[in-house]
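Here is a set of short exercises to work through with the structure open beside you. Try each task before reading its solution.

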Amino acid sequence: MSLNILIVEDDAELAETLAAQMADFDHDTTIAGNGHKALATIVNGAFDAVILDRVMPLMDGLTFLQHVRQANINVPVLILTAFGKASQKVEGLEAGADDYVVKPIDPLELNARLHALVRARQWSGKESDTMRAGDIMVSPTKFRAWRNDIAIDLPGTEFKLLLELVRHAGSVLTRPMLLERVWNYDFEPTTNIVDTYIKRLRKKLTEGGGDDPISTLRGVGYMLRK
Amino acid sequence: MRLSGFSLRRLTLAFLSLLLLSTVATGVGIYSVTVRTIRQLVDTRIRQISVTLAPDGEPHDRAELIRRIAEMNRQRDTGDLGIILVAPGHRQLAGNVRLSRDLPPGLASVDLGDNIKGLSKGRALVRDLPDGLRLIVVAETEPFDQYDRARIRIYMGGFGSILAIVLGGLILFSRMVSRRITAMRDTVATIIEGDMSQRVPVTGDGSEFDLQAAAFNRMLDRIQVLMAEISNVSNDISHELRTPLTRLRGRLALLHKQAESDGAREGIGAALEDADDLLGMFTAILRISEIESGERRRGFAPVDLAELASEIVAMMEPVAEDSGHDLTLVNWTPATIIGDRKLLAQLLLNLVENALRHTPPGTAIAATVTRTGGHAEITVTDTGPGIPPAQRAVALRRFGRLGHGGAAGHGLGLALVDAIARLHGGEVRLDSPGQGLRISIILPME
């Protein structure tokens, strides 16, 4: 999926690097060097996502974000910043950001996160009672899952993991994303918790026959096929 | 004089005792000097009177003596005198008072018991004259009636008010001192807990204490600046090194994907893992510095450690199973503390991960949550190789990796645990229940 991305970053070199990295994933990018330019740019163009630096001269990232949200522009915004404290993250999310990522970030991880944000916007808005990804169906309200209409008995963590994979079926979910969303951790454990649970989930999903619907992207994360 | 060996309390007590002693001594001194002086004056006076009436070495005319006595008794300024002339056989020849007992010759004290009219305390001079006559002169030693009671009132009022003022001042002073010192100690305690933003209150009265508090605060400002600089340096290093490392990791990941031979893929995979380890180390350094800044304290809320531990242990069981370990929560008592749930989850996870990493497959790992007094205690015990007592302190230090086992990890796991425990006012203890290692986290319950 090719995206049209607005990069708001005062460090020109860094902005160029980001643009080049995004170009590797076939995304189109526009660079705005400060908050005022970014505001002027955003109202004129249809962007799929915004990568926003937090600290900029003239208008800082959070102020820019508040203006954007007040203008009812609902584009997904990912704050990319050197400020990684928990309190700073909360500030960013409260200001209206969709994701908060600490520099530096692996381009693969950034790409995965942008895709997840754009996909989340494409949902119909209300989370329906059941969600489908290929032959897998989950009910977030009933905490039940089925493959080929056969119920799969999943413990809590495995169920949450599958739900997240189904929500983002067709896109990559990185380990940090899964740890944030499934485990609600703001740190990365040193053991392979995610891998262990993916292994368990795979076993459960393939117990009743059928091939493995989860693919591993080594060094990046996991993806459930659509 | 060396005073440093005495406590303030003992010095105060000693000072008060001295004050009391000197007050009593002054009172007693004034009393006895006054009494003695008055007695001497009275003695001199009655001797003069006696000699005036009957000069020594002169023959006495009994009638003349009686006349002189009567005349003297009439004079106004001798109204407080008693003069008695007694003939042999106790016959009183003249006099304005009566004695109820015989007094020996010379000076003697008389009091109420002598039943002398109008006299409560006094002195008497008894002189034997030729012809068997005896002349007795009595005078009061009290300037007015019930002088003793008045004197007690004066002493009590005077010295009592001095004592009251000194005591009151002392109490006020010590309260003031202790209030200021307590304020300083409270500040220090909060700083020890990690809140460097606290300062000693300055009242603005320009007192020694204010100057002291201001100097103390300036010192804290300076320490805070230095600490921030150190923290900035380590943060900067971590940030700056993370950028090229992330780039390196990205290239390795790309190469890994494109690798044509299995050998190359394996080598690049190992390099990728090294890069991940390094990135993990920088993340941990930044995390420890975030925790040590004490900022997370703002988000503190009640957390039940037993519930959290059972959640973490249940979550880690499959991981432990994969590595051939036997992980169980053997004992848990509800223990709610005020803390940061995510950090406490990280603490528990780190303890379990630490045990998994440093013990061979087949090792049993047992976790407990208990309560003793006002404290909650989390323990994670393994039956692995343990840590020799001499190296236990090293284990909690940053990069305090121990030489044995060649186990992976960046040596920051327990330093992180220690930082989280300290943020919650707790401590980490390492010991061995016979075999293996037991790590205990003792956290205060509020």
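Two residues are in contact when heavy atoms of theirs lie within 4.5 Å. Keep in mind that the model is a predicted one.

**Exercise 1. The interface**

Task: Find how many residues of chain B are in contact with chain A, and describe that side of chain B.

Solution:
- Step 1, count the contacts. On chain B there are 29 residues that touch 27 residues of chain A.
- Step 2, find the area. About 2,500 Å² is buried between chain B and chain A, with 53% of it on carbon and sulfur atoms. Within chain B, the residues that lose the most area to chain A are Thr246(B), Met315(B) and Lys342(B), which together make up 19% of what that side buries.
- Step 3, look for polar pairs. Between chain B and chain A, 12 residue pairs are in polar contact, both residues being at pLDDT 80 or more.
- Step 4, assign the elements. At least two residues of the side of chain B that touches chain A come from each of α4, α5 (262-292), α6 (305-322) and α7 (341-358) of chain B. The most, 8 residues, come from α6(B).
- Step 5, sort by class. The side of chain B that touches chain A holds 12 charged, 9 nonpolar and 8 polar residues.
- Step 6, turn to charge pairs. Across the interface of chain B and chain A there are 5 salt bridges. The side chains of Asp186(A) and Arg296(B) form a salt bridge, at 3.2 Å from N to O.

**Exercise 2. A glutamine in α7**

Task: Decide whether Gln346(B) is buried or exposed, and list what it touches.

Solution:
- Step 1, place the residue. Gln346(B) sits in helix α7 of chain B.
- Step 2, apply the cut-off. Buried means under 20% relative accessible area. Gln346(B) has 5%, so Gln346(B) is buried.
- Step 3, list the contacts. Leaving out residues up to four places away in sequence, Gln346(B) touches Arg287(B), Leu416(B) and Ile420(B), as well as Phe187(A).

**Exercise 3. Checking a helix**

Task: Test whether the end-to-end distance of helix α3 (residues 147-192) of chain B agrees with 1.5 Å a residue.

Solution:
- Step 1, work out the expected span. With 46 residues, α3 of chain B should span 68 Å.
- Step 2, compare. The end C-alpha atoms of α3(B) are 65 Å apart, which agrees with the expected span.
- Step 3, pick out the buried residues. Those of α3(B) include Tyr155(B), Phe159(B), Leu163(B), Val177(B), Arg180(B) and Met184(B).
- Step 4, relate this to the helix turn. An α-helix has 3.6 residues a turn, so residues three or four places apart point the same way.
- Step 5, find the cover. Among what covers the buried residues of α3(B) are α1 (8-53) and α4 (208-258) of chain B.

**Exercise 4. Salt bridges within a chain**

Task: Determine where the partners of the Glu91(A) and Arg54(A) salt bridge lie, then treat two pairs of chain B likewise.

Solution:
- Step 1, recall the principle. Side chains of opposite charge can pair when their charged atoms come close. Over all chains, the whole structure has 39 salt bridges.
- Step 2, take the pair in chain A. Glu91(A) and Arg54(A) meet through their side chains at 2.4 Å, N to O. Glu91(A) lies in helix α4 (residues 86-94) of chain A and Arg54(A) in the loop between β3 (49-53) and α3 (61-70), so the pair ties together parts 37 residues apart in sequence. Glu91(A) is partly exposed at 39% relative accessibility, whereas Arg54(A) is buried at 12%.
- Step 3, move to chain B. In the salt bridge of Asp114(B) with Arg101(B), the closest N and O atoms are 2.3 Å apart. Asp114(B) belongs to the loop between β3 (106-111) and β4 (121-128) of chain B, and Arg101(B) to the loop between β2 (91-95) and β3, 13 residues apart. Asp114(B) is buried at 3% relative accessibility, while Arg101(B) is partly exposed at 39%.
- Step 4, add a further pair. Arg134(B) and Asp128(B) form a salt bridge at 2.8 Å, N to O. Arg134(B) is partly exposed at 23%, and Asp128(B) is partly exposed at 47%.
- Step 5, look for a network. Salt bridges link Lys89(A), Asp99(A), Glu109(A), Arg113(A) and Glu180(A).

Methods. Residues are numbered from 1 along each chain as its sequence is written. Chains are lettered from A and ligands numbered from 1 in the order in which they are written. This is a predicted model: local features need pLDDT of at least 70, side-chain atom pairs count only at pLDDT 80 or more; totals for chains, interfaces and linings use all residues. Side-chain values use heavy atoms; hydrogens and water are left out. Helices (H or I, at least four residues) and strands (E, at least two) are DSSP runs, numbered from the N terminus. The expected span of a helix is 1.5 Å times one less than its number of residues. Buried means under 20% relative accessible area, exposed over 50%, partly exposed in between (1.4 Å probe, protein chains only). Buried area is the accessible area (1.4 Å probe) that two parts lose on being put together, summed over both. A salt bridge is a side-chain nitrogen of Lys or Arg within 4 Å of a carboxyl oxygen of Asp or Glu. A polar contact is a pair of N or O atoms within 3.5 Å; within protein, one must be able to donate a hydrogen and the other to accept it, and residues adjacent in sequence count only if both atoms are side-chain atoms. Ala, Val, Leu, Ile, Met, Phe, Trp, Tyr, Cys and Pro count as nonpolar, Asp, Glu, Lys and Arg as charged, and the others, Gly among them, as polar.
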